[in-house]
Every structure is written in C-alpha cells, then in structure tokens.
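I pulled this one up to go through its rings, one helix and a glutamate. My notes follow in the order I looked things up.

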Amino acid sequence: MAGRFSLLEEELSCPVCTEIFTDPVVLKCSHSFCKACLQKCWEQKGSRECPVCRRKSSMDHPPFSLSLRNACEAFLKERSQRATAGSEELCSLHSEKLKLFCLVDQIPVCYVCQTSKKHENHKLRPVQEAAEEYKEKLRTALAPLQEKLKAFNEVKLVCDQTAEHIKSQAQRTERQIKMEFEKLQQFLKDEEAARIAALREEEEQKSQMMKEKIEKMTEEISSLSEQIRAIEQELGAEDVSFLQSYKDTVKRAQCTLQDPEKVSGALVDVAKHLGNLKYRVWEKMLGTVQYSEYWGQGVPHSHCTERIFSILSTS
C-alpha cells in the first residue's frame, strides 16, 4: 500500500516543483506541469519549450488537464483522510513511522521517504535528535521574547494606571471648572440684577418727578385756558356791558403765574450705568477672585484678567 502511494505521488507530481500538481496544464508533447511552474520556466528561459523534452510549444496558454486535476484532488483528499484516521506519527504517504527529520524540507519523514526522489541528497537526522536541537534553539529564541513581554506588561500596567489617573484627574478638574464658572456666572447675574435695579430705581424716581410736573402743568394750563375764555367772552360783549366790567376784566387779565421751568436733568443718566461698565464689573470681580495654586503654576496674572474680560465680553 505504501509503495502504491509512493508511485502514485510521483505520477501526480510536477517535474519542476516536485509537488502535487496545482492547476495542471498539458503540452502537445504530453508532459504536464503546474501552470505557474511552466510560466515561470518560460519567463526565465525566454522561450516556450517543454522543461522535460525541450520541445518547442506553439501555444501561449496550454489547456488545463481536467482529468489530472481531478486525480490530484482525489489523491490529496485520500492522503488527508489517511493522515486523519491514522496516528499522527505515521507517514501520510507510506504509513510508516516518522523516524527521520529532513533538514532541507523541514518536515518529519519515514525511511521510505528517505529513498524517494523528493528527498534525494537531503540531509536527515533522527527525529529525537532533531527535536532536541530545535527545541533548544527555540528556547534560546523564546527567552528574549519572554523578557520583552514582561517589560511590555510592566509598562502597560503603568499606562493603565496612568490612564485611570488621567480620567479621574480630568473628571475632578471638569467639576472644579464648572463650579468656578458657576460662581462667575452667579456673580455676573447678581451684578446684572443690581445694576438693573439701580436703573429701574432711577427710572421710577424720574418718571414720578415728570408725572408730578405734568400734573402741575396740566392744572396751570387749565387755569390759563379758563382765564383766556372769560376774557374772550368780555371782548365779545356790548360796549356798555364791556365797560362796566372792564376793571375786573383787566385785573383778571393780569397773569400771576411764573414762566414754566425748562425740563433739564430729567432723562436717565445712561453714561452712569453704561460708562466703563465692563471695567468696573471686572474691577469688582477681581476683588472677589482668590489667587489659585493652579493659576500660580506658570500662568501670568495678566492671563487671568484677560480670561475675566473674555467672560464679561460674552455675557
């Protein structure tokens, strides 16, 4: 059975790569090759000829051999099934124990493989000897990796702790920032309310003053209007009647009222409320701001006042 598989493997192996055919193509000379192997040979030699018999080929793209491809697939499937069903230490081709290790192909092989064309002139070692040698090499190569892994884990631990601290630090600082801005906003709201209250008080005082002045003017206008109507009526009377009441009418025509005062200082003092408003609010705010330890860490005091001005500008 092992010999039959060995012969079948040789029949289904590409003459170029010595592996089982992949996408086999067939030339007119009846020799078959892997498509990629044939194209590579032709590219290297610069001519289309059979790698086995050197016969020239007139075809740029030789046809696929479907029957050969099917045979290869069936062979690989059966070999895989044999390897799965059998012991892992048995050769998939010859069902012999894997006692040797091919240093060229880097695979375990059996004694039958040793005499096959595929491993001709290859250096081989006993499996146990090769395994110990390669295990030692792997242990040597593994040591630096383990040390590097340890270093990475230590640094990652520090990074994880730092990341958590950064998150906690940012959250705590964010809360403090919000608290500080809430204080500033409350200060501005209180200051705004106080200044609007002062404006309303002045408005009420001056509105009341104007109301009293208007009421007084209305009374005087009414009195003068009544006086004028009476005199005008006398002017329209008969001559005798007019002359009889003339003395009284003349006395009535004499105006005892003083000239009305000009309206001055009645308007709201806008300049008092708006003049240098931002500066005066900033100056008052500056008196309430405590010098923070964070502000002292390389932050000039001018930057603090600039920040307050920016808050006032957007309020």
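**Aromatic pairs first**

I searched for paired rings and got two aromatic pairs in the structure. The one I followed up is Tyr-279 with Trp-282: the ring centres are 5.2 Å apart and the planes meet at 45°, so I logged the pair as tilted. I kept in mind that this is a predicted model.

Next I checked where the two sit. Tyr-279 and Trp-282 are both in helix α9, residues 277-288, with their positions three residues apart, about one turn of the helix. Residues three or four places apart in an α-helix point the same way, because there are 3.6 residues a turn.

Buried or exposed? I looked up Trp-282 and found it buried, at 12% relative accessibility. Tyr-279 comes out as partly exposed, at 42%.

**Helix α9**

I compared the length of α9 with what its twelve residues should give at 1.5 Å a residue: 16 Å expected, 17 Å between the end C-alpha atoms, which agrees. Then I listed its buried residues and got Val-281, Trp-282 and Met-285. They take up an arc of only 100° around the axis, so I put them on the same side of α9.

**Elsewhere**

I also looked for a charge over a ring. Lys-137 lies over the face of Tyr-134, 5.2 Å from the ring centre.

Last stop was Glu-202, in helix α5, residues 127-235. I have Glu-202 down as buried, since its relative accessible area is 7%. What does Glu-202 contact, leaving aside neighbours within four places in sequence? My list reads Leu-267, Val-268, Asp-269, Lys-272 and His-273.

Technical notes
Residues are numbered from 1 along each chain as its sequence is written. This is a predicted model: local features need pLDDT of at least 70, side-chain atom pairs count only at pLDDT 80 or more; totals for chains, interfaces and linings use all residues. Side-chain values use heavy atoms; hydrogens and water are left out. Rings of Phe, Tyr and Trp (its six-membered ring) pair if their centres lie within 6.5 Å; planes under 30 degrees apart count as stacked, over 60 as edge-to-face and the rest as tilted. Helices (H or I, at least four residues) and strands (E, at least two) are DSSP runs, numbered from the N terminus. Buried means under 20% relative accessible area, exposed over 50%, partly exposed in between (1.4 Å probe, protein chains only). A charge sits over a ring if NZ of Lys or CZ of Arg is within 6 Å of the ring centre and within 35 degrees of the ring normal. Contact means heavy atoms within 4.5 Å. The expected span of a helix is 1.5 Å times one less than its number of residues. The arc is that of the directions from the helix axis to the C-beta atoms.
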